[in-house]
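Dear colleague,

I am passing on the structure we spoke about, and below it you will find my notes on what turned up when I went through it. Please read them with the coordinates open beside you.

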Amino acid sequence: MEEFLESVVAVQDAAAGQYIGFLRYAIAVLGLLLLLRCALPLLTFRREPEIWGWLNMPGGEQVPITHWETVIGRSKTCDVTVSLSTVSRNHAVLTRYDDGSWTISDVGSKGGTWVNDRQVEICALEPTDRISIGGVEMQLQPITQRQEARQAELRTKAASGWDSVTNLMLLTIFQCLMLLGYLLNGNREDFMPILQGFGGIILCQWLLYIFYCIIRRKSFEVETMAFFLCTIGMAALATVRPAETVKQLCAMILGVVLFLVIGWSLRDLERAKAFRYLAGAAGIGFLAITLAFGTEYYGAKNWLMIGNLSLQPSELSKVCFVFAGTSTMDRIMHKRNLILFIVYSIVVCGCLALMNDFGTALIFFCAFLIIAYLRSGSVGTLALAITALGFAGVLALRIAPHALSRFTTWRHVWEDPLGGGYQQTRALMCIASGGLFGLGPERGLLQYVFAADSDIVFATISEEWGLLLAVMAVLCIVVFSLFAMRTTRVARSSFYAIGACTAAGILVIQTILNCLGTVDVLPFTGVTFPFVSNGGTSMIGAWGLLAFVKAGDTRQNASFAVPLSKETKERSGK
């Protein structure tokens, strides 16, 4: 009887081994198919400009207005260029609002802005009003409601609902295959929390898509890739810390809620500007609370302990920083507002420096560079900022021994494989042992190394599920950034363009620091991999940043952050 039972177990083990062999290849193929299906619509959509009106110039020329915020001035970088010495480089900003009304704002020009022979700072416009800028008279001619409806019909459409359902089905199969791998190869005692983790993601993604169907939105590519990344992170957590899968799932759900709340706030530009000031104050508040009550780990005082919960408020401050840095064109044109943002950035980075959290400070500084360039367009300003960073970096290395030790280890990890280079040398060996398709769930050795589910999670995924899948995770973040850059051309407001590019930039910078730090190409900073690394506040912050990327999508009925067009409401019986 014992021999029979042993033979049955041997057959089961052989079957499990064969399935794991099949699973390694199936996971890679499904992941690649899913990435291609989600990425192609985001990277190939037509970026045709929307025309919202015309400026009737002297001599009968009509200049199309293709944004809701249009800069008029002498500079070649202006949306409407008037090449006269009497016109300032950035003279005035023409603004359209959700209700179809228009205003014109003077932005500190020398000659002033005049409407119907009256000098104004900001003034509501009617189609019959005469605008005078530097002695040049022009008249605004908004498009008609019929033209607006026709333009909405011709706008690039999002992927069809069936495409989104197909993508979700592929992702669900991908998740079920991963889960089955843990059932056959993992510890039976850990299977219930692993089942709850993967099952919770599946349920959450389908519920979110059903909500999208209710509000008549079709595009789900960005969200599908985010859930794909969360699934990969759950796989790493199932191997290293299966007991924490439910906690990470709860953080993901809170992140999705924050994603929806930020998207709602961005639906109305005036409401978004009001949130901007609240978020700016909250960003400083999070860091101040951490400075006052935070706990120091590994040389950085960036953790806040509340009972059994450990929080990293600086992750939420990233979302607040993006909100604070975005702005509308009439404010961007005033240098005072840029100076105030520089002061705000200095305060934020100063708080992080006092915490000795220089990895996060570097991310904030890179975000500042993105915002500063998008708001000013000045390469000289960025050069000065980077020079200042160099001096600040030298000073930081002198006053922060733990940061200096990481720089001394950089590019020399094999000289101290049991000390400062322990994590990275093990990560490199495990990436090599995993090959292209991985060893299978819970078959790797990196799970016994510290921070295998966070700081070096890229290596954990590479070892167990293959380098191909780990690279696909990186490509998802790259797709977010490329999509954000593509949307800037058709963005209706600088608020959405700056927010999308900055949020995507933060996600990319974090991914670069995490992955290249793991393989010793860059210094090891301990920065998390967005959506993948274990960490509740990191997960919540990543979803919050993704909301800005989603809000930049102007395809027809694609983003919940963009209100439905009038003709869509009429067809739906509203």
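Trp-264 is partly exposed in this predicted model, with a relative accessible area of 42%, and its ring partner Phe-275 is likewise partly exposed, at 26% relative accessibility. In a search that returned 22 aromatic pairs, the rings of Trp-264 and Phe-275 have their centres 6.1 Å apart and their planes at 80°, so the pair is edge-to-face. Trp-264 belongs to helix α6 (residues 245-265) and Phe-275 to helix α7 (residues 269-293), so this pair ties together parts that are 11 residues apart in sequence. Ring pairs also place both of them in a cluster with Phe-323, Phe-495, Tyr-496 and Phe-548.

Phe-321 and Tyr-344 form an aromatic pair that is stacked, with 6.1 Å from centre to centre and 25° between the planes. The pair links distant parts of the chain, since Phe-321 sits in helix α8 (residues 314-325) and Tyr-344 in helix α10 (residues 335-354), 23 residues apart. Both rings are buried: Phe-321 has a relative accessibility of 1%, and Tyr-344 has a relative accessible area of 15%.

Two arginines lie over the faces of aromatic rings. Arg-96 is placed over Trp-68, at 4.8 Å from the ring centre, while Arg-276 is placed over Tyr-277, at 5.4 Å from the ring centre.

Turning to the interior, the largest nonpolar core has 122 residues, and those with the most contacts inside it are Phe-227, Leu-469, Phe-531 and Trp-543. Helix α5 (residues 221-240) gives the most to this core, contributing 13 residues. A second, separate core has 24 residues, among them Val-80, Val-87, Ile-104 and Ile-131.

Which residues does Phe-531 touch, leaving aside its neighbours within four places in sequence? Its contacts are Ala-226, Leu-229, Cys-230, Ile-477, Phe-480, Leu-507, Met-539, Ala-542, Trp-543 and Leu-546. Ile-477 also appears among the contacts of Val-508, which, with the neighbours within four places again left aside, is in contact with Ile-477 and Ser-481. Val-508 itself is found in helix α17 (residues 494-518), and its C-alpha atom is separated by 9.7 Å from that of Val-479, which is 29 residues apart from it along the chain.

Since you may wish to know about the cysteines, the count of disulfides comes to zero. Cys-230 is in no disulfide, and the nearest cysteine sulfur, that of Cys-204, is 8.5 Å away. As a disulfide would need the two sulfur atoms within 2.5 Å, that distance does not qualify. Cys-230 is buried, with a relative accessible area of 3%, whereas Cys-176, at 40% relative accessibility, counts as partly exposed.

As for charged residues, a search of the whole structure finds eight salt bridges, and three of the pairs are described here in turn.

Asp-163 forms a salt bridge with Arg-37, the closest N and O atoms being 3.8 Å apart. Asp-163 lies in helix α3 (residues 161-185) and Arg-37 in helix α1 (residues 2-44), so the pair ties together parts that are 126 residues apart in sequence. Both partners are partly exposed, Asp-163 with a relative accessible area of 33% and Arg-37 with one of 28%.

Arg-130 forms a salt bridge with Asp-117, and here the closest N and O atoms are 3.2 Å apart. This pair links two loops, with Arg-130 between β9 (122-125) and β10 (131-133) and Asp-117 between β7 (113-115) and β8 (118-120), 13 residues apart. Arg-130 is partly exposed, with a relative accessible area of 33%, whereas Asp-117 is exposed, at 57%.

Lys-550 forms a salt bridge with Glu-223, the closest N and O atoms being 3.2 Å apart. Lys-550 lies in helix α18 (residues 536-551) and Glu-223 in helix α5, so the pair ties together parts that are 327 residues apart in sequence. Are these two partners buried or exposed? At 0% relative accessibility, Lys-550 counts as buried, and Glu-223, also at 0%, counts as buried as well.

Finally, Arg-241, Glu-244, Lys-247 and Asp-453 are linked in a network of salt bridges.

With best wishes

Notes. Residues are numbered from 1 along each chain as its sequence is written. This is a predicted model: local features need pLDDT of at least 70, side-chain atom pairs count only at pLDDT 80 or more; totals for chains, interfaces and linings use all residues. Side-chain values use heavy atoms; hydrogens and water are left out. A nonpolar core is a set of buried Ala, Val, Leu, Ile, Met, Phe, Trp, Tyr and Cys residues joined through side-chain atoms within 4.5 Å. Buried means under 20% relative accessible area, exposed over 50%, partly exposed in between (1.4 Å probe, protein chains only). Helices (H or I, at least four residues) and strands (E, at least two) are DSSP runs, numbered from the N terminus. Contact means heavy atoms within 4.5 Å. Rings of Phe, Tyr and Trp (its six-membered ring) pair if their centres lie within 6.5 Å; planes under 30 degrees apart count as stacked, over 60 as edge-to-face and the rest as tilted. A charge sits over a ring if NZ of Lys or CZ of Arg is within 6 Å of the ring centre and within 35 degrees of the ring normal. A salt bridge is a side-chain nitrogen of Lys or Arg within 4 Å of a carboxyl oxygen of Asp or Glu.
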